[in-house]
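Hello,

Here is the structure I promised to hand over. Please open it first; my notes follow below.

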Amino acid sequence: MKIICIGRNYANHIEELENERPSEPVIFIKPDSSVLLKQHPFVIPEFSENVQHEVELIVKINKVGKYIDAKFAHKYYDEISVGIDFTARDLQNKLKEKGLPWEKAKAFDGSAVIGDFLPKAQFSSLENLTFELKNNNQTVQEGNANMMLWKIDELIAYVSQYFTLKIGDIIFTGTPKGVARVQPNDVLEGYLEGQKLFRIQIK
Ligand code: ZN
């Protein structure tokens with residue numbers, strides 16, 4: 001199983017990091033070893049002084065596909081959730097400056113939090129889904145799928161030109177604004193349309 005992540009998919013997050021608006025989606029991959037095991041805390045890695053949360057809508061692929069047409073992309077997933085793309089921002093900034101790949105900053109052990117999945121049939125529109133991250137009961141990030149520069153089906157079409165999608169693969173669809181550093185004793189909770197789908201303790 002692999003995790004395919006989309007960067008810079010929300011205009012308000014592109015602005016907060018002062019990034020350029022991309023002309024096509026920015027993609028990177030996390031390996032299966034990046035998945036934070038259920039019920040486990042997230043331990044801040046010693047190589048970073050600034051690990052930040054990025055809450056994202058996520059989609060689980062349920063069928064093998066390559067060169068998927070956006071209009072058929074909806075047939076390749078039944079379940080959605082929210083997750084966190086933990087990012088060692090200090091390390092990422094160094095790598096970006098040098099034009100190097102981001103993997104050390106984005107794909108380290110525990111960097112992928114995957115919430116409990118819900119059937120997409122439960123929602124009337126996948127293009128208008130609210131999601132939220134709370135840290136110690138305070139809302140720190142709020143997003144809506146309608147703010148995405150590329151929609152889920154367009155992302156599946158784009159990504160599948162490069163990578164064969166397999167059953168169980170997960171796509172992280174990008175974060176809205178509000179990314180911030182996590183600290184020991186933080187408790188992060190992710191919500192999709194008001195339903196809590198993960199709770200993570202930071203150590
Ligand atoms: Zn992200």
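Start with two acidic residues: Glu54 and Glu56 are both buried. Keep in mind that this is a predicted model.

Zinc site

Those two glutamates coordinate the zinc ion, together with Asp85. Glu54 and Glu56 each donate through OE, and Asp85 through OD. The distances run from 2.0 to 2.1 Å. Along the sequence, the donor spacing reads E-x1-E-x28-D.

Three-stranded sheet

Just before Glu54 in sequence comes His53, which stands opposite Ala180 in β12. Strand β3 covers residues 51-53 and is joined to β12 by two bridges. These two strands run antiparallel. They belong to an open sheet of three strands, in the order β6-β3-β12. The pairing in this sheet is antiparallel. Its edge strands are β6 (87-88) and β12 (180-181), each paired on one side only.

Cavity

How many cavities of 30 Å³ or more does a search of the whole structure find? The search gives one. The volume of this largest cavity is about 120 Å³. Its lining has 17 residues, and Gly7, Arg8, His13, Glu54 and Lys106 are the closest to its centre. Glu54 therefore appears twice in these notes: it is a zinc donor, it is buried at under 20% relative accessible area, and it lines the cavity.

Both β1 (3-7) and α2 (89-97) supply at least two residues of the cavity lining. The largest share is three residues, from α2. By class, the lining has seven charged, six polar and four nonpolar residues.

Pocket

The largest pocket holds about 210 Å³ of space. It is lined by 15 residues. Nearest its centre lie Lys38, Gln39, Ile114, Phe198 and Ile200. Strands β7 (112-114) and β14 each supply at least two lining residues. The largest share, four residues, comes from β14. Nine of the lining residues are nonpolar, three are polar and three are charged.

Nonpolar cores

In soluble globular proteins, nonpolar side chains tend to be buried together. Here the largest nonpolar core has 46 residues. Which of them touch the most other members? They are Phe42, Phe86, Ile156 and Leu192. Several elements give two or more residues to this core: β1, β4, β5, α2, β9, α4 (152-159), β13 (187-192) and β14 (195-201). Another core lies apart from it, with eleven residues. Among them are Phe28, Ile58, Phe117 and Ile170.

Three elements from this list also came up above. Both β1 and α2 help line the cavity, and β14 helps line the pocket.

Backbone points to check

Most residues other than glycine have a negative phi. Two residues here are worth a look.

Tyr67 is not a glycine, yet its phi is positive, at about 50°. Tyr67 sits in the loop between β4 (55-61) and β5 (77-85). Is Tyr67 buried or exposed? Its relative accessibility is 60%, so Tyr67 counts as exposed; the cut-off is over 50%.

Asn136 also has a positive phi of about 50° without being a glycine. Asn136 lies in the loop between β9 (130-135) and β10 (138-144). Asn136 counts as partly exposed, because its relative accessibility is 39%.

Best wishes

Key. Residues are numbered from 1 along each chain as its sequence is written. This is a predicted model: local features need pLDDT of at least 70, side-chain atom pairs count only at pLDDT 80 or more; totals for chains, interfaces and linings use all residues. Side-chain values use heavy atoms; hydrogens and water are left out. Two strands pair if DSSP finds at least two bridges between them. Donors are N, O and S atoms within 2.8 Å of the metal (3.2 Å for Na, K and Ca); water is not among the atoms, so sites may look incomplete. Buried means under 20% relative accessible area, exposed over 50%, partly exposed in between (1.4 Å probe, protein chains only). On a 1 Å grid over the protein atoms alone, a cavity is a set of points where a 1.4 Å probe fits but cannot get out, and a pocket is an open set with protein on both sides within 12 Å along at least five of seven lines; lining residues have an atom within 4 Å of a point. Grid points are joined across faces, edges and corners, and a volume is the space filled by probe spheres set on the points. Ala, Val, Leu, Ile, Met, Phe, Trp, Tyr, Cys and Pro count as nonpolar, Asp, Glu, Lys and Arg as charged, and the others, Gly among them, as polar. A nonpolar core is a set of buried Ala, Val, Leu, Ile, Met, Phe, Trp, Tyr and Cys residues joined through side-chain atoms within 4.5 Å.
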